[in-house]
Amino acid sequence: MSNIDWSQLITAEMKASRQAAQHIAEAVAESARRRKEADHEIAPLQDAIDIDEATYEDLALLKLWKRYRVALSKVEAQPSYPVSIDWPAPPA
């Protein structure tokens with residue numbers, strides 16, 4: 001007769017749940033990293049506009065970064081999120 005510690009049993013559902021939570025955590029972390037990059041690029045461009053020192057190039061670049069930031073906010077709506085994410089490309 002063997003002693004089985006059933007409290008240590010890990011079911012397939014538990015593994016799947018843990019893996020899903022890991023995918024979500026990774027996606028949230030990557031999204032936050034990308035958002036931080038966008039915020040870093042947007043801030044000085046927005047400042048230049050706010051104090052009337054922006055060029056047309058600054059304004060165009062600001063719009064591209066803001067479009068990118070909006071696209072980042074929509075990745076959760078992708079059907080394969082969070083397992084597979086088609087990340088938007090940042091402005092070049």
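**Note on the predicted model**

1. Asp52 sits in the loop between α1 and α2, where helices, like strands, are taken as DSSP runs numbered from the N terminus (H or I over at least four residues for a helix, E over at least two for a strand). Although Asp52 is not a glycine, its phi is positive, at about 55°. Asp52 counts as exposed because its relative accessible area is 72%, the classes being buried under 20%, exposed over 50% and partly exposed in between, with a 1.4 Å probe and protein chains only.

2. On the basis of the model: this is a predicted model, in which local features need pLDDT of at least 70 and side-chain atom pairs count only at pLDDT 80 or more, whereas totals for chains, interfaces and linings use all residues. Residues are numbered from 1 along each chain as its sequence is written, and side-chain values rest on heavy atoms, with hydrogens and water left out.

3. A second backbone feature deserves a look beside the phi of Asp52. Tyr81 and Pro82 are joined by a cis peptide bond, with omega about 0°, and Pro82 belongs to the segment after α2. As background for both features, most residues other than glycine have a negative phi, and most peptide bonds are trans.

4. Helix α2 covers residues 56-73, and its 18 residues, at 1.5 Å a residue, should span 26 Å, which agrees with the 26 Å between its end C-alpha atoms; the expected span is 1.5 Å times one less than the number of residues. The buried residues of α2 are Leu62, Trp65, Tyr68 and Leu72. Seen down the axis of α2, these buried residues fall within an arc of 125°, so they line one face of the helix, the arc being that of the directions from the helix axis to the C-beta atoms. The buried residues of α2 pack against α1, while Tyr56 and Arg67 are exposed on the other side of α2.

5. Which residues does Arg34 touch, not counting residues up to four places away in sequence? Arg34, which is placed in helix α1, touches Tyr68, Leu72, Trp87 and Pro88, contact meaning heavy atoms within 4.5 Å. Two of these partners, Tyr68 and Leu72, are among the buried residues of α2. Arg34 itself counts as buried because its relative accessibility is 15%.

6. Trp87 lies in the segment after α2 and, at 21% relative accessibility, counts as partly exposed. Leaving aside neighbours within four places in sequence, Trp87 is in contact with Ala27, Glu30, Ser31, Arg34, Leu72 and Val75. The C-alpha atoms of Trp87 and Lys74 are separated by 9.8 Å, the two residues being 13 residues apart along the chain.

7. The whole structure holds 4 salt bridges, each defined by a side-chain nitrogen of Lys or Arg within 4 Å of a carboxyl oxygen of Asp or Glu. In general terms, side chains of opposite charge can pair when their charged atoms come close. One of the bridges joins Arg35 to Asp39, with the closest N and O atoms 3.0 Å apart. Arg35 is partly exposed at 39% relative accessibility, and Asp39 is partly exposed with a relative accessible area of 29%. Both Arg35 and Asp39 lie in helix α1, 4 residues apart, or about one turn of the helix. Elsewhere, salt bridges that share partners join Glu30, Arg33 and Arg34 into one network.

8. The details of that network are as follows. Glu30 pairs with Arg33, the closest N and O atoms being 2.7 Å apart, and these two residues of helix α1 are 3 residues apart, about one turn of the helix. Glu30 also meets Arg34 in a salt bridge at 2.8 Å, N to O, with the partners 4 residues apart in helix α1, again about one turn. Glu30 counts as partly exposed at 23% relative accessibility, and Arg33 does so at 45%, whereas Arg34 is buried.

9. Finally, the surface: Ile4, Trp6 and Leu9 make a nonpolar patch of about 360 Å². Patches consist of residues with over 30% relative accessible area and no salt bridge, like charges being joined within 9 Å and nonpolar side chains (Val, Leu, Ile, Met, Phe, Trp, Tyr) within 5 Å. Accessible areas come from the Shrake-Rupley method with a 1.4 Å probe, and for residues only the protein chains shown count as cover. Leu9 is found in the segment before α1 (12-50) and is partly exposed, with a relative accessible area of 45%.
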